[in-house]
2 protein chains.
Amino acid sequence: MGNAARVFRALADPTRRQMLEELKGGELAAGEIGARFAISAPSISRHLAILKAAELVTERRDGNRILYRLEPATLIGSLNAYLSAVCPTQVRQRRRIAARRS
Amino acid sequence: MGNAARVFRALADPTRRQMLEELKGGELAAGEIGARFAISAPSISRHLAILKAAELVTERRDGNRILYRLEPATLIGSLNAYLSAVCPTQVRQRRRIAARRS
DNA sequence: TGCATATTTAGCGAATTAGCTAAATACTTC
DNA sequence: GAAGTATTTAGCTAATTCGCTAAATATGCA
């Protein structure tokens, strides 16, 4: 499975999409992420492993805890690559429009 | 299930992602799409129904056949909405960079 | 070392998914 | 309306997925 495939599989689950959103403010420990959801710690851990396998997050140990960090480049890169492959003209157009507005 | 959720579920399958790419050149009949894949017509039909439920394609009958058309706005809108929710600063930046290059 | 906390791994069950074949439906043409 | 082509619906099976609990692993601290 290519990494784009892993990314799209990972994003298929609403809990995992929400997890990435929780991480947009910076690193969080697995337990801190878990506290935002009504599912068990093992389930949280499994979701994080799937996000990590897709390289949508990275982890580092901090003493007792494991901190997860969002990898925006993977998300942006994968989604934009697919968008460009499927509708290149509209994507380019949309970027011009967005740039003009800013 | 919101429509963004249906879009991400639909994109989780590699056959369906490929189907959208096949449709980027314009309308195709279900059978013409099916001819590009090594799976049965009923399976093709099921994939198309999932893409249609996510509003990633629309269909219209043409005599005997049913023509499918890509809906780029749904794809671009859903993916960009999520990108903006998860990493707004990088997305904005990337658009400026893309606009500067063009 | 021993105990507490944080997280993952193992293993199970229910639900979903993607494939198939067979049958039904829709339209065209004779 | 009968036959032919295109597509979908129904129903089945195998594989995957997502949740859980119990147990294992890793680290921190007395």
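In this predicted model, helix α4(B) gives the most to the surface near DNA strand D, contributing 6 residues. That surface is made up of 24 residues around the strand, and those that come nearest are A:G63, B:A29, B:G31, B:P42 and B:S45. Two or more residues apiece are supplied by α4 (41-53) of chain A and, from chain B, by α3 (30-34), α4 (41-53) and β3 (65-70). By residue class, the surface near DNA strand D divides into 10 nonpolar, 9 polar and 5 charged residues.

**Chain A as a whole**

Chain A has 6 helices and 3 strands, and, read from the N terminus on, its elements follow the order α-α-β-α-α-β-β-α-α. Of the 102 residues in chain A, 27% are buried. Among the contacts in chain A with a separation of 6 or more, 55% are between residues 24 or more positions apart.

**Strands and their pairing**

The 3 strands of chain A form an open sheet in the order β1-β3-β2, with antiparallel pairing. The edge strands of this sheet are β1 (28-29) and β2 of chain A, each of which pairs on one side only. Between β1(A) and strand β3 (residues 65-70) of chain A the antiparallel pairing extends over 2 bridges, and within it A:A29 has A:L67 in β3(A) as its bridge partner.

In chain B, β2(B) and β3(B) run antiparallel and are joined by 6 bridges; here B:D62 stands opposite B:R65 in β3(B). These two strands, β2(B) and β3(B), form a hairpin with 2 residues between them, and B:G63, which is in the turn, has a positive phi of about 60°.

**A helix with one buried face**

Helix α1 of chain B, which spans residues 3-11, has B:V7, B:F8, B:A10 and B:L11 as its buried residues. Seen down the axis of α1(B), these buried residues fall within an arc of 160°, and therefore they line one face of the helix. What covers the buried residues of α1(B) comes from both chains, and includes α1 (3-11) and α2 (14-22) of chain A as well as α2 (14-22), α4 and α5 (72-86) of chain B.

**Positive phi at residue 55**

Most residues other than glycine have a negative phi, which gives a reason to look at A:E55, a residue that is not a glycine and yet has a positive phi of about 60°. In chain B, B:E55 likewise has a positive phi, near 60°, and is a residue other than glycine. Where in their chains do A:E55 and B:E55 lie? A:E55 has its place in the loop between α4 and β2 (57-62) of chain A, while B:E55 lies in the loop between α4 and β2 (57-62) of chain B. The table sets out the phi value and surroundings of each residue.

| Residue | Phi | Other C-beta atoms within 10 Å | Exposure |
|---|---|---|---|
| A:E55 | about 60° | 17 C-beta atoms | partly exposed |
| B:E55 | near 60° | 17 C-beta atoms | partly exposed |

A:E55 counts as partly exposed because 17 other C-beta atoms lie within 10 Å of its own, a number that falls between the 12 or fewer of an exposed residue and the 20 or more of a buried one. With 17 other C-beta atoms within 10 Å, B:E55 is partly exposed as well.

Notes: Residues are numbered from 1 along each chain as its sequence is written. Chains are lettered from A and ligands numbered from 1 in the order in which they are written. This is a predicted model: local features need pLDDT of at least 70, side-chain atom pairs count only at pLDDT 80 or more; totals for chains, interfaces and linings use all residues. A residue is near a molecule or strand if its C-beta atom, placed from the backbone, lies within 6 Å of it. Helices (H or I, at least four residues) and strands (E, at least two) are DSSP runs, numbered from the N terminus. Ala, Val, Leu, Ile, Met, Phe, Trp, Tyr, Cys and Pro count as nonpolar, Asp, Glu, Lys and Arg as charged, and the others, Gly among them, as polar. Two residues are in contact if their C-beta atoms, placed from the backbone, lie within 7 Å. The arc is that of the directions from the helix axis to the C-beta atoms. Two strands pair if DSSP finds at least two bridges between them.
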